[in-house]
Amino acid sequence: MLQKVNKMLLMVIGAIVLYVLLKIMITIGVINPYWQRVLFYSLIVIVGALGLGIIYGFTGQFSLGHAAFVGLGAYSAGYFSKTFGQYGVLSFIGALLVGMVFAGLMGFLIGVPVLRLKSDYLGIATLGFGFIVKVALDNADKLIPDLGGARGMMGTPQLASLEWLFFIALIVIILTRNFIFSTYGRACTSVREDETAADMVGVNTFKTKLMAFIFGCTLAGLGGGLYAHTYPYICPGDFYFLQSFDYLIVVVLGGLGSMTGTVVTAIGWAFLLEGLRFVLGPQFVDFRGVIYALILIITILVRRQGIFGGKEFGFLVPQVRRGKPDVALRG
Amino acid sequence: MSLLEVKGLGINFGGLRAVNRFDLTIEPGEIVGLIGPNGAGKTTVFNMISGYFPPTDGTIIFKGRSIVGLKPYQVARLGIARTFQNIRLFRDNSVLDNVRVAFHPRAGYGLIDAFLRTPRFRAREAEINERAFELLETLNIADKANTAVKNLPYGDQRRVEIARALAVGPELLLLDEPAAGMNPAEVQQLVELIRFIKQKFNLTVLLIEHQMGLVMNICERLVVMDFGEIIARGLPHEVRQNPKVLEAYLGKGAVA
């Protein structure tokens with residue numbers, strides 16, 4: 001018991017120390033505004049990628065439309081903030097909730113028909129959904145002019161600060177961990193491993209897949225909401241299928257079924273992308289695509305289970321405690 | 001009241017009649033063996049009882065209610081658990097998680113409890129852990145609780161599968177060739193194990209098996225299938241001398 005308290009405490013203290021360090025580095029200019037942007041982006045990617053991690057890494061549902069849900073979150077949250085922005089922090093929180101609920105609701109509506117499909121077919125269906133969202137956003141200004149359509153949307157208040165992004169990412173990590181290490185998380189991994197066997201031990205597999213999908217899409221929506229409040233200009237191209245692949249690459253590189261892998265890779269990913277910009281110079285900047293595709297290919301060849309291979313940092317894993325059995329679990 | 005009553009069960013796969021007019025009644029506490037040559041339709045019967053294949057015709061009554069048309073997870077929740085001929089475990093998951101997931105329908109806490117780690121969550125999880133470890137201890141695999149199932153030897157995987165089936169909290173346990181790939185000494189251990197868990201958990205058992213040693217040793221009654229139909233039923237020593245059974249297993253002319 002003592003050890004358990006220490007573990008949790010350690011994690012929170014560690015996070016606060018990290019936050020203070022980042023804050024100091026930003027204040028004294030060690031992290032310049034440019035790298036600060038990159039840091040912000042990596043925190044947003046963590047939130048979105050953990051969503052895909054639940055859907056694909058833990059539940060085994062291959063989704064190629066994740067960025068579309070990020071986009072739905074970004075646009076709905078951004079639009080809400082533009083409209084009710086005068087209430088400051090309250091409207092910011094409201095906007096994030098709107099983004100989450102909207103993306104989650106769309107996840108539900110799409111999930112019900114497509115989650116009956118298996119692996120590749122599910123990928124194709126979600127890819128199709130991604131195209132639909134892109135085209136819909138491109139033409140959204142015909143219904144609601146403020147959304148800007150293909151020209152993109154501006155004017156969302158830039159309220160996402162380091163504090164917001166950092167602590168929201170932290171809360172998402174903790175909630176995801178709590179979900180994974182619960183009976184719901186175990187139901188998810190059992191569906192991933194063998195859907196038929198899961199069914200036969202009493203797991204309602206469809207409900208489990210749908211729940212995981214909605215949860216994952218809600219996190220995508222939250223990531224989108226943060227994105228809209230971090231960047232003054234968003235356009236439908238920010239949430240196209242290439243971005244869906246970015247999330248997929250983060251989850252696969254980190255290791256399917258590893259939160260640690262997803263978080264670490266999300267940060268590494270954002271910094272690698274920008275770092276390469278300097279290493280390659282302006283002339284060769286487009287070669288970044290070649291380099292990260294190569295990294296993916298090499299990983300799949302030599303370490304298919306991903307960098308963390310389903311493992312977690314110890315402090316994320318709760319201890320297994322035994323207790324007095326109760327008649328309720330019998331029969 | 002009989003625990004399980006199957007009447008006139010049949011299923012077509014396209015033009016193939018895989019099982020035809022299958023009748024079986026099992027009383028609480030019995031151990032019944034379902035035997036027959038390969039392809040006789042034994043596993044298909046299991047798949048129909050556990051809800052995986054909806055039968056084309058016939059009725060399945062479990063504890064007085066019809067379970068035809070129910071989904072596998074609903075059948076499991078009513079108290080029918082099974083193992084598989086070719087072990088189907090959650091291979092990347094730990095032994096403990098393989099067993100704990102079977103408590104999912106009775107976890108007794110909601111999503112909010114899980115997200116916020118409420119006292120209810122903690123209490124129920126501790127109970128699930130306790131029950132899961134009890135099962136692992138019963139099956140002698142508690143020391144491997146944190147090992148990924150795929151890294152276990154075959155015999156241990158069989159044990160994990162039985163532990164998982166018991167965690168479902170069944171009244172009726174369906175075992176599909178539990179002794180497949182075991183040597184005689186292991187089969188003997190398995191016989192002891194089945195007797196023991198039957199007693200301890202108050203189970204009724206229906207098992208498919210090819211190892212006659214096990215079948216003759218443990219089953220109180222046998223049902224013999226061939227080409228989708230029941231060709232004989234009765235006590236083990238009766239069935240053993242039944243000419244139809246000998247013919248099905250050994251071919252025509254063997255009975256001289």
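Domain bounds here come from an automatic or database domain assignment. Keep in mind as you browse these views that the model is predicted.

**View 1. Chain A splits into two domains.** Domain 1 of chain A takes in residues 1-31, and domain 2 of chain A covers 32-314. If you mark the C-alpha centres of domain 1 and domain 2 of chain A, you'll find them 25 Å apart. Where these two domains of chain A touch, 7 residues of domain 1 are in contact with 7 residues of domain 2. Sorted by class, the domain 1 side of that contact in chain A has 5 nonpolar, 1 polar and 1 charged residues.

**View 2. Helices α3 and α5 of chain A cross each other.** Here we zoom in on α3(A), residues 66-84, and α5(A), residues 119-138. Their axes come within 8 Å and cross at roughly 30 degrees. Angles under 35 degrees count as roughly parallel, so that's what we call α3(A) and α5(A). The crossing of α3(A) past α5(A) is left-handed. On the α3(A) side, look for Ala67(A), Ala68(A), Gly71(A), Leu72(A) and Tyr75(A). Facing them from α5(A) are Phe129(A), Gly130(A), Val133(A) and Leu137(A). By class, that contact has 7 nonpolar and 2 polar residues, with no charged ones.

**View 3. Chain A meets chain B.** This contact draws 33 residues from chain A and 37 residues from chain B. On the chain A side, α6 (162-180), α7 (183-193) and α8 (195-200) each chip in at least two residues. The top contributor to that side is α7(A), with 7 residues. Split by class, the chain A side has 12 nonpolar, 12 polar and 9 charged residues.

**View 4. Chain B has two domains as well.** Domain 1 of chain B is pieced together from residues 1-79 and 172-256, while domain 2 of chain B spans 90-169. Taken over C-alpha atoms, the centres of these chain B domains are 27 Å apart. At their contact, 9 residues of domain 1 of chain B touch 8 residues of domain 2 of chain B. On the domain 1 side, α2 (72-78) and α7 (184-201) of chain B are the elements giving two or more residues. The largest share, 3 residues, comes from α7(B). By class, this domain 1 side has 5 nonpolar, 2 polar and 2 charged residues.

**View 5. An open sheet of 6 strands sits in chain B.** Trace the strands across chain B and you get the order β6-β7-β8-β3-β9-β10, with mixed pairing. At the edges are β6(B), residues 80-82, and β10(B), residues 229-234, each pairing on one side only. Neighbouring strands in this sheet are turned by 20 degrees against each other on average, direction ignored. Helix α10(B), residues 243-250, packs on the sheet and touches β9(B), residues 221-226, as well as β10(B). The direction of α10(B) makes about 130 degrees with that of β10(B). Over at the β6(B) edge, 3 bridges link β6(B) to β7(B), residues 172-176, and the pair runs parallel. For one bridge to look up, try Ala81(B), whose partner in β7(B) is Leu173(B).

**View 6. Chain B also holds an open sheet of 4 strands.** Its order is β2-β1-β4-β5, and the pairing is antiparallel. The edge strands are β2(B), residues 16-26, and β5(B), residues 65-66. From β4(B), residues 57-62, 2 bridges reach across to β5(B). Look for Phe62(B) here: its bridge partner in β5(B) is Arg65(B).

Terms used:
Residues numbered from 1 in each chain as written. Chains lettered and ligands numbered in written order. Predicted model: local features only at pLDDT ≥ 70, side-chain atom pairs only at ≥ 80, totals over all residues. Axes fitted to C-alpha atoms, helices over the stretch in contact; angles between N-to-C directions. Parallel < 35°, antiparallel > 145°, perpendicular 65-115°, else oblique. Left-handed = near helix turned anticlockwise from the far one by under 90°. Nonpolar A, V, L, I, M, F, W, Y, C, P; charged D, E, K, R; others polar. Pairing = 2+ DSSP bridges.
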